[in-house]
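Reader: I have a model open on my screen and would like to talk through its aromatic rings. Could you walk me through them?

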Amino acid sequence: MAYRPSQQTKKTLLGGGAVLLLAGLNAPAALSFAEEQYHAYQIRRPDYMRKYGAWDTVDIPAKYRTNAIHAALLHTGKVLIIAGSGNKQEKFDAGSFDTVLWNPKDNTFKKVPTPEDFFCSGHAQLPDGRLLVAGGTARYEVLDAQVKRAGGGMRVKNENPDKPVTIKKGTKFRSPSGVEYVSKFDVTVPRAKREFVVSYYATGQMKPWKTKVTAAEARVFVEAAAEGPKAVATDQAQYEIEGLKGEDADNTYGLAEKITMDKQDFQGIRAAYEFDPKAEKYIPVAPMREARWYPTLTTLQDGRVLAVSGLDDVGVILAGDNEIYDPKTKKWGKGPFRYFPTYPSLFLTKSGKLFYSGANAGYGPADKGREPGLWDVSTNTFTKINGLGDGDQLETASSLLLPPAQDQRFMLLGGGGVGESKKSTPRTALIDLKQDSPAFKTGPALPQGTRYLNSVILPDDSVFTSGGSEDYRGRGASNILKAQFYDPAANAFREAADPTVGRNYHSEALLLPDGRVATFGSDSLFGDKDNTKLGKFEQRMEIYTPPYLYRDKDQRPVLGDGPQAVGQDRRATFPTAHPERIAKARLMRPSAVTHTTDVEQRSIDVRLTKDKNTVTVEVPRDKALVPPGWYMLFVTDAQGTPSEAKWLLID
């Protein structure tokens with residue numbers, strides 16, 4: 001069929017022609033505008049879209065526009081967009097926290113009541129399809145120049161073995177010299193531990209029992225009541241707690257940690273919730289043992305979830321105190337002790353071990369926890385992996401398990417120096433964990449040094465990457481308006497259509513059930529090349545339609561209605577009018593992504609059999625390869641054109 005331009009395109013072309021005429025009469029600005037109009041026409045031509053795909057901006061009603069910090073695809077096909085306070089101090093102070101539920105099928109939106117500030121929390125898909133959300137923000141950072149009052153951690157001791165003690169927000173702690181500090185949060189100190197100690201005389205006769213009491217402890221952030229450096233405290237002392245009476249006053253006291261005028265980092269919360277996709281609401285579960293801000297939540301092969309790293313309740317990066325959530329009991333237990341920088345990329349491998357790509361985001365010293373390796377959670381042993389280039393530029397890197405997951409090949413893309421470093425790298429690296437002595441090998445380079453790259457696995461086994469910036473948080477107008485596909489079989493990149501919206505810090509991208517890719521967010525530090533104007537959070541959303549959806553629509557594979565879960569034989573059968581067109585089947589785990597960290601997404605090759613009117617898929621039984629949960633089932637033809645997904649529950 002011949003291409004016929006729409007009325008809008010005709011207007012664009014006519015307008016462009018008129019401007020070109022003006023350009024010929026010495027109007028360079030008009031020429032630039034005309035070139036833009038011609039480019040807009042070119043990228044909407046069918047032959048262009050069949051080769052490179054196309055981008056479209058989503059129409060979002062004003063009341064639903066929000067700062068997308070987190071995005072997760074639910075098994076209802078809707079996308080949960082979590083902002084919390086959205087990196088806005090004024091919203092945090094007002095207790096105004098946002099979550100928006102978006103239905104890509106009809107482009108409808110719904111606001112969801114948000115009980116905590118989930119800004120910079122962690123999340124993971126649970127076996128029943130709920131989304132676990134844990135951690136978030138207790139307090140915003142205060143930069144060096146803005147610190148007016150000394151602040152730091154106060155350890156609160158309780159020597160009473162008979163009852164816990166609660167210290168309310170605003171309670172004053174008084175030093176021996178009379179300096180006062182104010183608690184910024186409520187804190188409950190557990191009961192002291194009572195033990196009965198038995199000892200013996202030299203004759204072997206038992207002595208009378210003695211009772212040993214070990215004080216319980218909790219920690220709270222405190223701030224000096226008065227401004228200025230006089231409240232700085234570097235020596236440990238015992239602090240009286242104002243307002244306590246009787247035995248509480250006798251048994252409870254404070255021990256200050258280092259209280260300084262230094263920069264005060266973000267502080268985390270212990271809160272944890274499950275988001276129910278059917279009820280479309282947050283449901284509280286037991287809080288974590290540790291407060292966490294910037295944590296990674298990684299699903300284990302038995303469906304439990306490991307919470308790793310984060311800044312604690314006084315803004316200090318956790319030393320290695322990790323914990324595990326059990327979705328059956330809705331409670332947290334102690335995990336293996338191991339240090340990682342914040343938002344470490346930890347992937348479940350076929351061995352049951354976790355692969356740490358080295359990618360991370362945000363906080364932690366440059367010389368600790370940055371080396372990639374394999375972590376055996378059951379024995380808490382870590383084996384380092386060598387061969388990675390630009391190892392000092394792993395912060396804000398992207399990493400993923402390449403398709404299909406059975407191959408156990410991982411890819412690392414881009415990244416930058418620690419903190420606000422100007423360094424960024426075009427390096428990609430590949431590793432095959434099925435080898436006897438796995439080591440990184442250099443992959444094809446990105447077009448330029450890139451931080452915050454979004455990488456999404458597609459049903460045709462390619463990886464779509466887009467956006468990012470060359471400098472920290474897009475400094476110097478360094479957003480990269482480029483996209484490309486990585487082909488694992490060819491080990492090469494190929495060009496894709498350019499996005500129109502820049503994406504850097506606080507941006508996300510994920511695969512939709514119809515085979516398109518949605519992109520969200522971006523939080524540029526500045527809005528101009530000279531870094532003189534503060535940036536604004538990008539609230540526009542774009543959807544990328546890959547080239548495979550511009551092929552003959554009549555030839556696209558279609559699956560009819562079938563089971564929503566696999567049976568005991570691990571099989572599921574679906575009707576289809578043309579089974580002969582179907583070449584492959586993939587199970588794809590839905591994303592839960594933030595800060596360039598998406599350890600959920602994976603694509604699994606499933607065995608495919610066909611008869612005259614149906615196709616049957618058989619899911620591998622290995623839970624380390626296919627952790628329990630909901631998956632999208634795509635089938636593709638020989639060219640890689642995917643069907644729309646069918647949701648399957650895998651136990």
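Reader: Which residue lies over the face of Y339?

Author: Happy to start there: in this predicted model, K368 lies over the face of Y339, at 4.3 Å from the ring centre. The distance cut-off for a charge over a ring is 6 Å, and 4.3 Å is within 6 Å.

Reader: What sits over the ring of F485?

Author: That is the charged end of R494, 4.5 Å from the ring centre of F485.

Reader: How many aromatic pairs does a search of the whole structure find?

Author: The search finds 33 aromatic pairs.

Reader: Why is the pair of W293 and Y363 called edge-to-face?

Author: Planes over 60 degrees apart count as edge-to-face, and the planes of W293 and Y363 are at 75°, so the pair earns that name. Their centres are 5.5 Å apart, within the 6.5 Å needed for a pair.

Reader: What makes W293 and Y363 a tie between parts of the chain?

Author: W293 lies in the loop between β21 and β22, and Y363 in the loop between β27 and β28, so the pair joins parts 70 residues apart in sequence. Both residues are buried.

Reader: Why is the pair of F464 and F485 called tilted?

Author: Their planes are at 55°, between the 30 degrees for stacked and the 60 for edge-to-face, so the pair is tilted. F464 lies in strand β35 and F485 in strand β36, so the pair ties together parts 21 residues apart in sequence. Both F464 and F485 are buried.

Reader: Which residues do ring pairs link into a cluster?

Author: The cluster is made of F92, F119, Y140, F266, W293, Y294, Y343 and Y363.

How values were computed: Residues numbered from 1 in each chain as written. Predicted model: local features only at pLDDT ≥ 70, side-chain atom pairs only at ≥ 80, totals over all residues. Heavy atoms only, no water. Phe/Tyr/Trp six-rings, centres within 6.5 Å; stacked < 30°, edge-to-face > 60°. Helix = DSSP H or I, 4+ residues; strand = E, 2+ residues; numbered from the N terminus. Buried < 20%, exposed > 50% of the residue type's maximum accessible area, 1.4 Å probe, protein only. Lys NZ or Arg CZ within 6 Å of the ring centre and 35° of its normal.
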